[in-house]
Each structure stands twice: as structure tokens, then as C-alpha cells.
Amino acid sequence: MVLLEIVTPDGKFYSEEVEMVILRGVEGDLAFMKNTAPLVTPLGIGVLKAKYPDGKFRLGTINEGYVSGLDNQVTVVTDAFEWSDEIDPDRAKEALERAERRLEKAEHEEEIDIARAKSALYRAVNRLDLHKIKKN
């Protein structure tokens, strides 16, 4: 077992023992289990999968950050985290539409922060994709 801790700007979001944590680092997918070698790496926008002793998985969204695995503890520090069962699909769709409108405006207005608009778009798509997976 490893201790999974998820930390957001609001503080410790989650702390529980799990069998395995799977997530996407900037270099590719990572899995942390008991006695995994120490590692610290940045994370992009993606999905965290936590495997519990009963064999079930719980999925959540990560909005960038980093993960640290050391001494059977996995600490995820992220700008925002949301479990799949907490995703409001209507709110995620609205965020996606807002981001798409900003990117369309960016072609004509220099004031629009394109990188920020793209990041918002990727976060919304990530949330909607995870919501769809959860429904199936």
C-alpha cells in the first residue's frame, strides 16, 4: 500500500492508502506502488487513477502540477483536482465554449492570452472526457 495525498492551493484535498496510483507525467504515464523507486516529475493536464485494495479504481482530473513518490507516499500537488463523480458536465461544457470563443477572438485581437485560453480548453476537454468514461 502507498499513501496517496493530493494537495491543491486550498490545502490537503485527499489522503488515503491505495494499492497503486497511475497518472501522466510530462514524459509519459507513471505508476506508483509499494516500494517504487523515488521520483519527482512535473505533470500536465490529465487523469489520476487510484486503485484500491478491493480492485476498484477511482478517477480524477489533474490540472498541471507535480508528483513526488518517496517512501511509499505519493504526493500530487496540482492547481486543481476533481474526482470524476464531482464533475459538472454542464459547467465543463460552458468552460469549453468560453475557451473556444477566446481562441477564435485571439485570431483578431492581440490582447487575448492564447496560452491561457488553450490551457482552459485542454482542462475542459479533460473534464468532459473523464465524465464520459465514468458514464460508460
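# Group meeting talk: one pocket, one cavity, two ends of the chain

Let's start with a lining. The residues around the largest pocket divide into eight nonpolar, two polar and eight charged. Keep in mind that this is a predicted model.

How much space lies in that largest pocket? About 440 Å³. Its lining takes 18 residues. Nearest the centre of the pocket lie Ala-95, Arg-98, Arg-102, Ala-120 and Arg-123. Please find those five in the structure above.

Which elements give two or more residues to this lining? Strand 6, residues 57–70, and strand 8, residues 81–83, are on the list. So are helix 1, residues 89–106, and helix 2, residues 114–135. Helix 2 gives the largest share, with six residues.

Now step back to the whole chain.

The chain has 136 residues, and 37% of them count as buried. Its secondary structure comes to two helices and eight strands. What order do they follow along the sequence? The pattern is β-β-β-β-β-β-β-β-α-α. In other words, the eight strands are followed by the two helices.

A word on contacts. Take those between residues at least 6 apart in sequence. Of these, 52% join residues at least 24 apart. On the outside, the accessible surface comes to about 8300 Å². Carbon and sulfur atoms account for 48% of that surface.

Next, the start of the chain.

Strand 1 covers residues 2–8. Is strand 1 mostly covered or mostly open? Mostly covered, with five of its seven residues buried. Strand 1 has two partners to look at. One is strand 2, residues 11–18. These two run antiparallel, and seven bridges join them. A hairpin of two residues makes the connection between strand 1 and strand 2. To see the pairing, find Leu-4, which stands opposite Glu-16 in strand 2.

The other partner is strand 7, residues 73–78. Here the strands run parallel, with five bridges between them. Leu-3 has Gln-73 of strand 7 as its bridge partner. A general point for reading strands: in a regular strand, side chains alternate between the two faces of the sheet.

Hold on to Gln-73, as it comes back in the cavity.

How many cavities of 30 Å³ or more does a search of the whole structure find? One. The space in the largest cavity is about 50 Å³. Look at which residues line it. From the start of the chain comes Val-2. Then come Phe-32, Met-33, Asn-35, Thr-36 and Ala-37. Gly-69, Leu-70, Asp-71, Asn-72, Gln-73 and Val-74 complete the lining. Strand 6 and strand 7 each supply at least two of these residues. By type, the lining divides into six nonpolar, five polar and one charged.

Three of those lining residues deserve a closer look.

First up is Gly-69, in strand 6. Is Gly-69 buried or exposed? Its relative accessible area is 4%, so it is buried; the cut-off is under 20%. Leaving out residues up to four places away in sequence, Gly-69 touches Phe-32, Ala-37, Pro-38, Leu-39 and Val-74. Gly-69 and Val-2 are 67 residues apart along the chain. Their C-alpha atoms are separated by 9.3 Å.

Next is Asn-35. It is found in the loop between strand 4, residues 28–32, and strand 5, residues 39–51. Its phi is near 65 degrees, a positive value in a residue other than glycine. Why does Asn-35 count as exposed? Because its relative accessibility is 61%, and exposed means over 50%.

Then Asp-71, in the loop between strand 6 and strand 7. Asp-71 is not a glycine, yet its phi is positive, at about 50 degrees. With a relative accessible area of 67%, Asp-71 is exposed.

One last stop: Ala-80, in the loop between strand 7 and strand 8. Ala-80 counts as partly exposed, at 28% relative accessibility. Which residues does Ala-80 touch, not counting those up to four places away in sequence? Thr-61, Ile-62 and Asn-63. Ile-62 is 18 residues away along the chain, but the two C-alpha atoms are separated by 6.3 Å.

To close, here are two places to revisit. The largest pocket takes its largest share of lining from helix 2. The largest cavity has both Val-2 and Gly-69 in its lining. Thank you.

Methods: Residues are numbered from 1 along each chain as its sequence is written. This is a predicted model: local features need pLDDT of at least 70, side-chain atom pairs count only at pLDDT 80 or more; totals for chains, interfaces and linings use all residues. Side-chain values use heavy atoms; hydrogens and water are left out. Helices (H or I, at least four residues) and strands (E, at least two) are DSSP runs, numbered from the N terminus. Buried means under 20% relative accessible area, exposed over 50%, partly exposed in between (1.4 Å probe, protein chains only). Contact means heavy atoms within 4.5 Å. Accessible areas come from the Shrake-Rupley method with a 1.4 Å probe; for residues, only the protein chains shown count as cover. On a 1 Å grid over the protein atoms alone, a cavity is a set of points where a 1.4 Å probe fits but cannot get out, and a pocket is an open set with protein on both sides within 12 Å along at least five of seven lines; lining residues have an atom within 4 Å of a point. Grid points are joined across faces, edges and corners, and a volume is the space filled by probe spheres set on the points. Ala, Val, Leu, Ile, Met, Phe, Trp, Tyr, Cys and Pro count as nonpolar, Asp, Glu, Lys and Arg as charged, and the others, Gly among them, as polar. Two strands pair if DSSP finds at least two bridges between them.
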